[in-house]
Amino acid sequence: MVPSNWQLMASDGALAFYQPQLDADNAKEVCQPLLETLAASVLEWQQDADMMTWLIDFEGTRLMLKAAHYTQSVWLEALDEEGDEVISFLRRWWTRHPPL
């Protein structure tokens with residue numbers, strides 16, 4: 001289950017969170033509970049100086065999960081129109097059933 005310190009942020013076209021525990025060294029560990037909550041699998045990942053990016057599979061839809069430690073933010077982005085629909089669904093779901 002995702003810890004309660006994941007704060008949903010307003011965002012166009014993405015599912016974005018403020019994550020105060022995120023820093024340059026712990027992005028994988030901090031994002032793992034989110035991946036587990038979504039039951040998403042990581043297909044590829046990349047770490048740059050200021051951002052970590054994962055290509056994930058969520059129920060057959062590929063999405064990008066990104067974490068930027070300077071802004072302490074984590075977000076899911078769609079790669080196509082199907083992904084846009086999934087992001088909209090996840091935003092509604094999260095708003096109605098925020099993890100405890």
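1. Ala-39, just after helix H1, takes a positive phi of about 55°. Helices (H or I, at least four residues) and strands (E, at least two) are DSSP runs numbered from the N terminus. The next residue, Ala-40, lies in the loop between H1 and S3. Ala-40 is buried, with a relative accessible area of 15%; buried means under 20% relative accessible area, exposed over 50% and partly exposed in between, with a 1.4 Å probe and protein chains only. Leaving aside neighbours within four places in sequence, Ala-40 is in contact (heavy atoms within 4.5 Å) with Leu-35, Ile-56 and Asp-57. Ala-40 and Glu-59 are 19 residues apart along the chain, and their C-alpha atoms are separated by 7.2 Å.

2. On provenance: this is a predicted model, in which local features need pLDDT of at least 70 and side-chain atom pairs count only at pLDDT 80 or more, while totals for chains, interfaces and linings use all residues. Residues are numbered from 1 along each chain as its sequence is written, and side-chain values use heavy atoms, with hydrogens and water left out.

3. On confidence: pLDDT is the predictor's confidence in each residue, from 0 to 100. The protein chain averages 86, and 87% of the residues score at least 70. Among the elements, strand S4 (residues 51-58) has the highest mean pLDDT, 96, and strand S1 (residues 7-9) the lowest, 70. Where pLDDT is low, the predicted coordinates should not be read in detail.

4. On the overall arrangement: the secondary structure comes to two helices and six strands, in the order β-β-α-β-β-β-β-α along the sequence. Of the 100 residues of the protein chain, 42% count as buried. The protein chain exposes about 5,800 Å², of which carbon and sulfur atoms supply 49%; accessible areas come from the Shrake-Rupley method with a 1.4 Å probe, and for residues only the protein chains shown count as cover. Among contacts with a separation of 6 or more, residues 24 or more positions apart account for 43%.

5. Helix H1 (residues 27-38) has twelve residues and reaches 17 Å from its first C-alpha to its last, close to the 16 Å expected at 1.5 Å a residue. The expected span is 1.5 Å times one less than the number of residues. The buried residues of H1 are Ala-27, Val-30, Cys-31, Pro-33, Leu-34, Leu-35 and Leu-38. An α-helix has 3.6 residues a turn, so residues three or four places apart point the same way. The buried residues of H1 pack against S2, strand S3 (41-47), S4, strand S5 (61-68), strand S6 (73-78) and helix H2 (81-96).

6. The largest nonpolar core (a set of buried Ala, Val, Leu, Ile, Met, Phe, Trp, Tyr and Cys residues joined through side-chain atoms within 4.5 Å) has 23 residues, of which Trp-54, Ile-56, Leu-63, Leu-65, Leu-76 and Leu-90 touch the most other members. S2, H1, S4, S5, S6 and H2 each give two or more residues to this core, and H1 supplies the largest share, six residues. Beyond four places in sequence, the contacts of Trp-54 include Ala-27 and Cys-31, both of which are among the buried residues of H1.

7. Strand S5 holds Lys-66, which counts as buried because its relative accessibility is 18%. The side chain of Lys-66 makes a polar contact of 3.3 Å with the side chain of Glu-77. A polar contact is a pair of N or O atoms within 3.5 Å; within protein, one must be able to donate a hydrogen and the other to accept it, and residues adjacent in sequence count only if both atoms are side-chain atoms. Not counting residues up to four places away, Lys-66 also touches others, including Trp-54 and Trp-75.

8. Thr-61 is also placed in S5 and is buried, at 4% relative accessibility. A polar contact of 2.9 Å joins the side chains of Thr-61 and Glu-82. The C-alpha atoms of Thr-61 and Gly-83, 22 residues apart along the chain, are separated by 6.3 Å. Leaving out residues up to four places away, Thr-61 touches Ile-56, Glu-82, Gly-83 and Val-86.

9. Two loop residues remain. Gly-13, in the loop between S1 and strand S2 (14-18), is 71 residues from Asp-84 in sequence and 6.8 Å from it in space, C-alpha to C-alpha. His-69, in the loop between S5 and S6, is buried at 18% relative accessible area.
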